[in-house]
Structure formats: structure tokens, C-alpha cells
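Please work through the exercises below with the sequence and the three-dimensional model at hand. Each task is followed by a worked solution.

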Amino acid sequence: MCRMSCGLNLYLEKGAIVYTTGMQEHFRNTLCVKPFAIPEIIHASNRLSSPVIKKDGVQQESSWDEAFEMAVNKLTAIKDKYGAKAVVTHTGQSYVGTVAHKMPKRFCDLFGTPNFTTGGSLCFLSEIVAYR
């Protein structure tokens, strides 16, 4: 999910990632610090493995179907009440220039909102909020 798209070798022990190195045959093989955190991030004991939704003020695990249905219902209600422009998506800097960057943009196109921000575009986001 980094725009640099470095070549990585992931080393496994018993099916778990234990460390990362740069892929020597890849043109981007000098790694920054981010890939070295992959084992810790992937295997964190507190990592979410299923959706969490809030019901009656309490966060609880749910099925994917229930979580998607809730998201669809809330987004539809916002669109019906305020219009599509009331919704903004924001992606972090690491998505810019990657294939993952296209997904939120596609969502915006389908939903009907032109409000798509990336990276350091938070000043634009504040203008949109002020617009409402």
C-alpha cells in the first residue's frame, strides 16, 4: 500500500512472516523502515479479523454482510437527506499512485460525489465541511 512499490521478500516460519528484506532483483530494493514492521502488523494479537460495528452504543463484532448493509444504509440515508456531495472520501498518502488509490475514486464516481481527497489535502476537506 505504499506508492514506492518496493520489491519485498517475506520470510516465513510455520506459516507466519518473521522478517522482510529487499528483493535484490527488483529495481526498488533499498527499503525504508515500513516493511520491517510487516510481521508485527500482520500478526498483532489485537488486529481486527472481522468487522466491528456499533449497536446501541456498544462496539461488537459482526458479519461482513451486516457491516456492509449498515454502511449502505447509512450512506444511502446521507445521500437521500443531503445529496451525494455531503460525502467525502480521504485516502492517506501511502495510497497515492497505487492501484488501491483507484478504489475510493471509483466509489466516489458511482456514489456521485466529486469530493475525493488524498495525502495532504486536508485543507480541501475543511473547505468541504465548511460548505455544508
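The exercises that follow concern a predicted model.

**Exercise 1. Determine which residues line the second largest pocket, and which elements supply them.**

Solution.
- Step 1. The lining consists of Phe-68, Ala-71, Val-72, Leu-75, Thr-76, Phe-107 and Phe-111.
- Step 2. Two elements each give two or more residues to this lining, namely helix 2 (64–82) and helix 3 (102–111).
- Step 3. Helix 2 gives the most, with five residues.
- Step 4. Sorted by class, the lining holds six nonpolar residues, one polar residue and no charged residues.
- Step 5. The volume of the second largest pocket is about 210 Å³.

**Exercise 2. Establish which residues of helix 3 are buried and where they lie around its axis.**

Solution.
- Step 1. Pro-104, Cys-108 and Phe-111 are the residues to consider, for they are buried in helix 3.
- Step 2. These residues cover an arc of only 75° around the axis, so they are on the same side of helix 3.
- Step 3. The general rule behind such an arrangement is that an α-helix has 3.6 residues a turn, so residues three or four places apart point the same way.
- Step 4. The face turned away from the buried side of helix 3 carries the exposed residues Lys-102, Met-103 and Leu-110.

**Exercise 3. Classify Cys-32 and Cys-108 as buried, partly exposed or exposed, and give the disulfide count.**

Solution.
- Step 1. The relative accessible area of Cys-108 is 1%; because buried means under 20%, Cys-108 is buried.
- Step 2. Cys-32 has a relative accessible area of 37%; because this value lies between the cut-offs of 20% and 50%, Cys-32 is partly exposed.
- Step 3. With a disulfide taken as a pair of cysteine sulfur atoms within 2.5 Å, the count comes to zero disulfides.

**Exercise 4. Describe how strand 3 and strand 4 are joined.**

Solution.
- Step 1. Strand 3 (residues 52–55) and strand 4 (residues 58–61) run antiparallel and are joined by four bridges.
- Step 2. Across this pairing, Val-52 stands opposite Glu-61 in strand 4.
- Step 3. The two strands form a hairpin with two residues between them.
- Step 4. In the turn, Asp-56 has a positive phi of about 55°.

**Exercise 5. Locate Met-23 and state its separation from Gly-7.**

Solution.
- Step 1. Met-23 belongs to the loop between strand 2 (16–22) and helix 1 (38–42).
- Step 2. Its relative accessible area is 21%, and Met-23 is therefore partly exposed.
- Step 3. Met-23 and Gly-7 are 16 residues apart along the chain, while their C-alpha atoms are separated by 4.9 Å.

How values were computed. Residues are numbered from 1 along each chain as its sequence is written. This is a predicted model: local features need pLDDT of at least 70, side-chain atom pairs count only at pLDDT 80 or more; totals for chains, interfaces and linings use all residues. Side-chain values use heavy atoms; hydrogens and water are left out. On a 1 Å grid over the protein atoms alone, a cavity is a set of points where a 1.4 Å probe fits but cannot get out, and a pocket is an open set with protein on both sides within 12 Å along at least five of seven lines; lining residues have an atom within 4 Å of a point. Grid points are joined across faces, edges and corners, and a volume is the space filled by probe spheres set on the points. Ala, Val, Leu, Ile, Met, Phe, Trp, Tyr, Cys and Pro count as nonpolar, Asp, Glu, Lys and Arg as charged, and the others, Gly among them, as polar. Two strands pair if DSSP finds at least two bridges between them. Buried means under 20% relative accessible area, exposed over 50%, partly exposed in between (1.4 Å probe, protein chains only). The arc is that of the directions from the helix axis to the C-beta atoms.
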